Amino acid sequence: MTYQIFSANEWIYPDTEIKEQNKAILHSARNMDTCFQLLTDHVTALGDRVRLISDLPTGTTVRLEQLLPAHVGENSAATTMTTTDYERVKHFVTRRAPFDVYEVCRPLDKSDTLTCDGGRTAFWVRINVTADAPVGLHEGTITLTVGAETQTVPVSLTVYHTTVPSLPDANFHMVNWIYYDRLAEQNRVGQYSEDYETVLRAYLENELDMRNDYLMIPSGTPVRDESGRVVDFDFSGAEFVGRIALDMGFKYIMGGFVARFNVWDEPEQYLLWDREIGVTTQEGYRQLKCYFTRAWESVCRCGWKEHYMQCLVDEPQFPNSLSYRALSGIARSRMPGVKIHDPVETTEIGGAIDVWAVKQAVYEKYLDTYRALQEQGEEIWLYTCGFPAGKTMNRILDLPLTVSRLPMWLCYLYDAKGFLHWGYHLHNPEGPRETCYRIEGGRAYPPGNSFCVYNGYDFNPNDKRPYYAVRGHLQRLGAYDYELFYLLGQRDRKLACDIIRSVCTSFDDYDPTAEALDCARVQLLKALG
């Protein structure tokens, strides 16, 4: 069995050529993990089993995940959604669609039997380095037995003295949204049932492992009388999820959205449960006053006041900033002291929001204004979503893999305290066989944009766990990187920023290669010592 080691920061494909049997050369701080990819020429057969033996030092644990291909049916477009016109996008995408790429990371900790897909066997290798791991250069091996074949892979691991803070003490924060009804649907369980709780806990465990420490919980649901008039709101679903999340260790839970514009450039926001009622109308005020009163009663009853924020609107825009301010005022009047946390595309809601999660392109377009807000003490996060398209850094399957990790570097450069992405687990019915998430009108989001985990149920109906996407691993590694830049910045912020700028200066200006990122990481770790 021949093999080749590839960086964790570069894509490998079913047709990637194995050119050399090389050594895994890894660098890590303590209390984090470091990863690489291993591609073999072994063609997986039905019933093949895998066994791993490691002689790496005490304080390290090696975990294997089988890499499986996902299918990219269309390329990301230059300006919107997806395209089949490769000539217009070939200057920034990695390959012409359709193509397959190793992206699904099937955990092998509970099963050492490989999934047979008729292709070569490949692995994502994750080496966890504990807070008390011995510092220095460690030469060792990882021996893999796959089916009847055995191969020993040399590993060089340099462990640096710096220790990354554990998640409860993190300086950087992240959130990926869960769609709770879709989670039940995807795993064929009744929402809020005992089986649902098992599934939910598995997904929340993955979110925490990814270093997501904020979680948006379900919105309250309207209670209507016989005539259809809203007379109350039910927060039992929010309480179900919130209790589990805080018990598992999330830093903050955030109440779900309550309103949104119908058209992005109109002045009004409308209730999510009744899209004809504006938030600034008398009826809107009546319902929202009831909503936030009940929400705060729920928060106080559950003892959440110190760990709760409220979301209001997904992406308030410049034209509807005033109605957002009115909505925030209603919320604050019924929820005294609550913090408001939303993804935004406007600069005109100061005082109505406490945590601004700003779309990357919007932040850079209005950089001076957001910088001024930060100087006034406003907390800024950054987020990426389906737009803008083109070369702009986004966590999608036909851009260079590095741009799933580098947004967290730019968060440090821009002094943003957190990162948000809407897409965590939303898939088409085909699962990994079609990764461009379809919405109304037949349109589709860029490949992979709607998720960074795969649903285990799509591979085995008895497996209700999420499987990491490679891009999900990169998001986690990027969060670790932020912590390292933060620690270096405590001593020398200019040096930390210079290291970042050696790879990227904006969301559109970056070196896409794994070599550049890997080199900068080593420079960062050496600077920390």
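Is Cys411 buried or exposed? At 0% relative accessibility, Cys411 is buried. Keep in mind as you read that this is a predicted model.

## Cysteines without partners

Let's stay with the cysteines for a moment. Searching the whole structure turns up 0 disulfides. Cys411, for its part, belongs to no disulfide, and the nearest cysteine sulfur is that of Cys504, 11 Å away. A disulfide needs two cysteine sulfur atoms within 2.5 Å.

Why does Cys290 form no bond with Cys300? The sulfur of Cys300 is the closest cysteine sulfur to that of Cys290, but 15 Å lie between them, which is too far for a bond. Cys290 also counts as buried, because its relative accessibility is 18% and the cut-off for buried is under 20%.

## A small set of strands

Now let's look at a sheet. Strands of a sheet pair through backbone hydrogen bonds, and they can do this in a parallel or an antiparallel way. Here, 3 strands form an open sheet in the order S17-S18-S19, and their pairing is antiparallel. Strand S17 (259–260) and S19 are the edge strands, so each of them pairs on one side only. Helix H5 (residues 282–302) packs on this sheet and touches S18 and S19, with its direction at about 110° to that of S19.

How are S18 and S19 connected along the chain? A hairpin links them through 2 residues. Strand S18 covers residues 270–271 and strand S19 covers residues 274–278, with 2 bridges joining the antiparallel pair. You can find the pairing residue by residue: Leu271 has Asp274 in S19 as its bridge partner, while Tyr270 stands opposite Gly278 in S19.

## Helix H4 and its neighbours

Next, find helix H4, which runs over residues 236–248. With 13 residues, H4 spans 19 Å from its first C-alpha to its last, close to the 18 Å expected at 1.5 Å a residue. Just after H4 comes Gly249, which has a positive phi, near 120°.

Which residues of H4 are buried? They are Gly237, Ala238, Glu239, Val241, Gly242, Ile244 and Ala245. An α-helix has 3.6 residues a turn, so residues three or four places apart point the same way. What do the buried residues of H4 pack against? Their partners are helix H2 (180–187), helix H3 (194–209), strand S13 (214–216), strand S16 (252–255) and H5. You have already met H5 as the helix that packs on the sheet, touching S18 and S19.

Methods
Residues numbered from 1 in each chain as written. Predicted model: local features only at pLDDT ≥ 70, side-chain atom pairs only at ≥ 80, totals over all residues. Heavy atoms only, no water. Pairing = 2+ DSSP bridges. Helix = DSSP H or I, 4+ residues; strand = E, 2+ residues; numbered from the N terminus. Contact = heavy atoms within 4.5 Å. Axes fitted to C-alpha atoms, helices over the stretch in contact; angles between N-to-C directions. Buried < 20%, exposed > 50% of the residue type's maximum accessible area, 1.4 Å probe, protein only. Expected span 1.5 Å × (residues − 1).
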